[in-house]
Amino acid sequence: MSSLQAQIEERGERIFDLVDRHPESIFSKAGFYQRMMALSMRDEHFKVQMFRFVDVLASLRRSGDIVQHLGEYFADMRDGFAPVVHTGVRLARIVPWLSSMVLRRNVSGMARQFIAGKNPDDVMKTLRKRRQQNIGFTVDLLGEAVVSEKEADAYTARCSELLEHLARETRGWTDPVGKNRELFPVVNLSVKISALYSQMNPADPAGAIAHLSPKLRPILRRARELGAFINFDMESYAHKNTTLELFKILCTETEFNNWPHAGIVIQAYLRDAEADLRDLIEWGRARGTRFTVRLVKGAYWDYEKIKSRQNGWDCPVYLQKPESDVNFEALTRVLLENESIVTAAFGSHNVRSIAHAQALAEELGIDRSRFEFQFLYGMAGPVKRALVEMGYRVREYCPVGELLPGMSYLVRRLLENTSNEGFLRAKFSEHVSAAQLLRDPNELVNGKLWPGSPTPATTPNRKRDGYAPEDGASLAAPHDDIYENSPLVNFVYKESQEQMQAALRDVRNRFGRKFPLVINGEKIWTDKLTPSVNPSAPNEIVGYAAEAGIPEAERAVKAARDAFGKWSRTSFEERAQLLERAAAILDRRRYELSALEVFEVGKPWAEADGDIREAIDFCHFYAHQMRLIGRPRLTQQVPGEESYQHYWPRGVGLVIAPWNFPMAILCGMVSAALVTGNTVIMKPSEQSLNIGAMLMEIFEEAGVPPGVLNFLNGRGSVIGAHLVDHKDVDLIAFTGSREVGLGIWESAGKTREGQRELKHVICEMGGKNAMIVDSDADLDEAIVDSIYSAFGYQGQKCSALSRLIVLEGNYDRVMERLLNAAASLRVGNPEAPGIMVGPVIDEAAYRRILEYIDIGKSEATLAYQAKDLPPQGFFIPPTIFTGVKPDMRIAREEIFGPVLSVLKVRDLDEAIEVANGTDYALTGGFFSRSPANIERVKAQLEAGNVYINRSCTGAIVGRHPFGGFKMSGGGTKAGGADYLLQFLLPHVVTENIMRHGFAPEETPQYRDEFLWPPR
Ligand SMILES: Cc1cc2nc3c(=O)[nH]c(=O)nc-3n(C[C@H](O)[C@H](O)[C@H](O)COP(=O)(O)OP(=O)(O)OC[C@H]3O[C@@H](n4cnc5c(N)ncnc54)[C@H](O)[C@@H]3O)c2cc1C
């Protein structure tokens, strides 16, 4: 055993000895909280329901609501819980007011375990008690998620007041250790950076820093005058780089350059924590003034893992608990070895991590008064006491705030206390031995964890674009059977931001390019060029494309018809590989294509990237789907006969796409048509013809044969109409407006002279999408997601929210937060990162939307309209109307711009009736924490895509097959398992295989593709 390990064990055992003299009361058996924790640790389902109930409780005002939720959350308890819980719920129903009072009191009691005070006065009582115990403090203000600048300003003001209050009330207090007291001011305030600015966007750290600095400077200045300390807390990974940068920039300003009392957090669960810490130390040395680092493992482990998996990102956190422990120790060493410039604050409840820091400090000859240990209020009390007894400096992190804003904090603490892998549960609930708890975490990586803990996570297994699930579930499936979404670009990384900036410069330098038509593989110029304009700066022409007339349309049909024979008999595997090659090129040119979208259709960065990602996904997904359905499949196992169903392509397909998802929708329809063996004439929108031309280029590079895909830019009213009616066009895939869609539907229904096939129309049209906000909804989420759904990409997504239906019980609070959130949006030219609302597509749209705003003003109440808009460009101010009634035009007609109508309703019955009372059924949403109401909405909301407790835009290929019904479309689902069938004709071949009464025993489930000549 190394001498360091021996030292760690010695110190650890000493701590445990002291701890065992005062066992941890929160893990003992008495009391409501203790019982809840014990039950939660026994049953995962109970734990989930229990934490969800706690989460909603504070927002419920009436006793009846509390009892109703209680019943809904605990009605389906299983196992041994059922009788106890059911009796409790029954009793609660008999006397609702009494039971809700008791529940509230108990849950408030739980919250009080972790929240040090309701307000600054209240917290002083706690701080005074701790002073008696020689424990210092850092105070943190709890708050709801900040969704507007008004809320951010209020938080900033509360921080300043708290600072003054603490300084005033602790006048005369001294450091409990005494030695090296100048490093550790008594007054210590922890600041949550995201609460100071509501529009933080990872792509735009400079923008965030520009907004945050003026709010933080007065706080830092005042702290300096008062001799206080300010800590920058660390939150999710998305904000990490901005927070680090902000800290360095502010602390390097002349005013603060020699001020040593600022600190920041490093999270050891992050894979890049060491690089960040070393960078900070280098910065600190150059600055020449001490600063502090609070080293923690990190509070957002589950969130980071889920978020990265959802977006296909490399997971920023370690996946094995001992890896975080090992890293914590490695970073402890980095901190202590650089003690001359950085003061360490170890934020851990884990006795092994603590003992390691102590032993290492001793080994390096660092006096125990030169660093400190920090703990959360209400956690690991006996460990705190033990360290004080051992002569270490201990500081407690004391959250201040009311119950409602404190709920998310409370739930985080409950999770931490009940975590299978956490130290506190292992020590105080599972009573794992000291020897086990003090083991070197290096020995536990890839090995065994605490006794009774679940199977350890495997080492991350790098796959195409992320990590394989550690439960191993999907690893069992053969690789070819796995469809994975391509990752989004993560703009949190500086390299991603720089690549996007470079792409924007390059694309701008190539403005004015001209693109030909492509027919039968030939580049064709006509005497007309269609310009495509930058909607943010209409005097800029992004590029041109040759404009087709009827003669070119005829040539394209002929080319496609001629190419069909061979392409339809090309194996599906070859066709699938074409799509995969196109996907690889899209991926290679990703930034360039996104940049082009920023200019051509006014998409903000992340929206543009999402569009390219979706195009890549369509290619992979349809290639994958084609492989699943491509082989003839036995219809039934029956002796003496074999009958196989397989698919033939329909013929010549016409693809007419919109400009709002200029790459994704165009590429989706084209790739589906191609992979199924149809030949294609693609007509992009006139407003996004550069993107259309790019897609043609990409498919040409991928090797699409001449005539199989033809690029035809031109006017919808001229060539579009001509081709729809053409006898040689068999299939029309259209996405766009209701007016044009219905025209196509009707026209395609007429059979023309010489027509071979009944034309098949795949028709996706608009929506008048509604989101219902229930009276118990979590407004932190409902507001952010409603604002994003309504105003993201200027409301120009067919899925965009345009009717917000709010139950009256919650109406005033929703509106207050919603209007302030809308007023905080960043509107401007999306070339700049961090812009959420850019221009609408063109002048016609601009005028039409303004007309609707005028209609809205005459019908309803204008509750909000943005004011500061760029002087040029087609910018429409985000606009919100209230007092809207279901029969008003702004509540019925699709506006396709940043205009939101708010409808107030009595109850959920009325909400559903209003939501369903339109011609459309595309997307719909519901925010609620009532399990029963959620079930009801799932069953009754009329929309092709229903989203619960999230935004109603942003469908992901394969995950959210997308498309609506009623006047929103023909019921097809792009990105869904049955989409390709729309492009195919089913064909069945039946063969009698009996000869003189003899037949094979069994017939294979699948056959090779029927191709002639066979390959
Ligand atoms: C005073 C104080 C201030 C804090 N401030 C912040 C802050 O600003 N920002 C912040 O993010 N956190 C902060 N934390 C940390 C956080 O809230 C948790 O308390 C801390 O991560 C728990 O670690 P531990 O060493 O006490 O317990 P342990 O039980 O040893 O470790 C639990 C931690 O391990 C990590 N973990 C759990 N499972 C896995 C896994 N499968 N793979 C890899 N890692 C895993 C997680 O970080 C988890 O929190 C703070 C903690 C304290 C005490």
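These are my notebook entries on a predicted model, covering a ligand site, a barrel, an open sheet and two details of the backbone.

**Entry 1: the ligand**

I started with the residues around the ligand. The shell holds 31 residues, and the closest are Gly298, Ser324, Ser348, Glu416 and Phe423. I sorted the shell by residue type and got 13 nonpolar, 10 polar and eight charged residues.

Next I looked up which elements the shell draws on. Strand 4 (262-267), strand 5 (291-296) and strand 7 (372-376) each supply at least two residues of the shell. Helix 13 (321-337) and helix 16 (403-418) also supply at least two each.

I then checked polar atoms of the ligand against the protein. A ligand nitrogen lies 2.8 Å from a polar backbone atom of methionine 234. A ligand oxygen lies 2.6 Å from a polar backbone atom of phenylalanine 423, a residue I had already noted among the closest. For arginine 413 the partner is in the side chain: one of its N or O atoms is 3.3 Å from an oxygen of the ligand.

How much of the ligand's accessible area does the protein cover? On its own the ligand has 950 Å² of accessible area, and the protein covers 94% of that.

**Entry 2: the barrel**

I followed the strands from 1 to 8. These eight strands close into a barrel in the order 1-2-3-4-5-6-7-8, with parallel pairing. From one strand to the next the twist averages 30°. Strands 4, 5 and 7, which I had noted at the ligand, belong to this barrel.

I picked one pair to inspect. Strand 2 (residues 188-191) and strand 3 (residues 229-232) run parallel and are joined by four bridges. In this pair, valine 191 stands opposite phenylalanine 232.

I also looked at a helix against the barrel strands. Helix 7 (residues 120-132) lies across strand 1 (136-141) and strand 8 (393-400). Its direction is at about 160° to that of strand 8.

**Entry 3: the open sheet**

Further along the chain I found a sheet that does not close. Seven strands form this open sheet in the order 25-26-27-24-23-29-30, and the pairing is mixed. As a reminder to myself, strands of a sheet pair through backbone hydrogen bonds, either parallel or antiparallel.

Which strands stand at the edges? They are strand 25 (861-865) and strand 30 (945-948). Each has a single partner strand, so one side of each has no neighbour in the sheet. The twist here averages 20° from one strand to the next.

Inside the sheet I checked strand 24 (residues 801-807) and strand 27 (residues 899-905), which run parallel and are joined by five bridges. Valine 806 stands opposite lysine 904 of strand 27.

**Entry 4: two backbone details**

I noted a cis peptide bond between tryptophan 1012 and proline 1013, with omega at about -5°. Proline 1013 sits in the segment after strand 32 (984-992).

Asparagine 180 has a positive phi of about 60°, although it is not a glycine. I located asparagine 180 in the loop between helix 8 (149-169) and strand 2.

Definitions and conventions: Residues are numbered from 1 along each chain as its sequence is written. This is a predicted model: local features need pLDDT of at least 70, side-chain atom pairs count only at pLDDT 80 or more; totals for chains, interfaces and linings use all residues. Side-chain values use heavy atoms; hydrogens and water are left out. A residue is near a molecule or strand if one of its heavy atoms lies within 4 Å of it. A polar contact is a pair of N or O atoms within 3.5 Å; within protein, one must be able to donate a hydrogen and the other to accept it, and residues adjacent in sequence count only if both atoms are side-chain atoms. Accessible areas come from the Shrake-Rupley method with a 1.4 Å probe; for residues, only the protein chains shown count as cover. Ala, Val, Leu, Ile, Met, Phe, Trp, Tyr, Cys and Pro count as nonpolar, Asp, Glu, Lys and Arg as charged, and the others, Gly among them, as polar. Two strands pair if DSSP finds at least two bridges between them. Axes are lines fitted to C-alpha atoms, for helices over the stretch in contact, and angles run from 0 to 180 degrees between N-to-C directions. Contact means heavy atoms within 4.5 Å.
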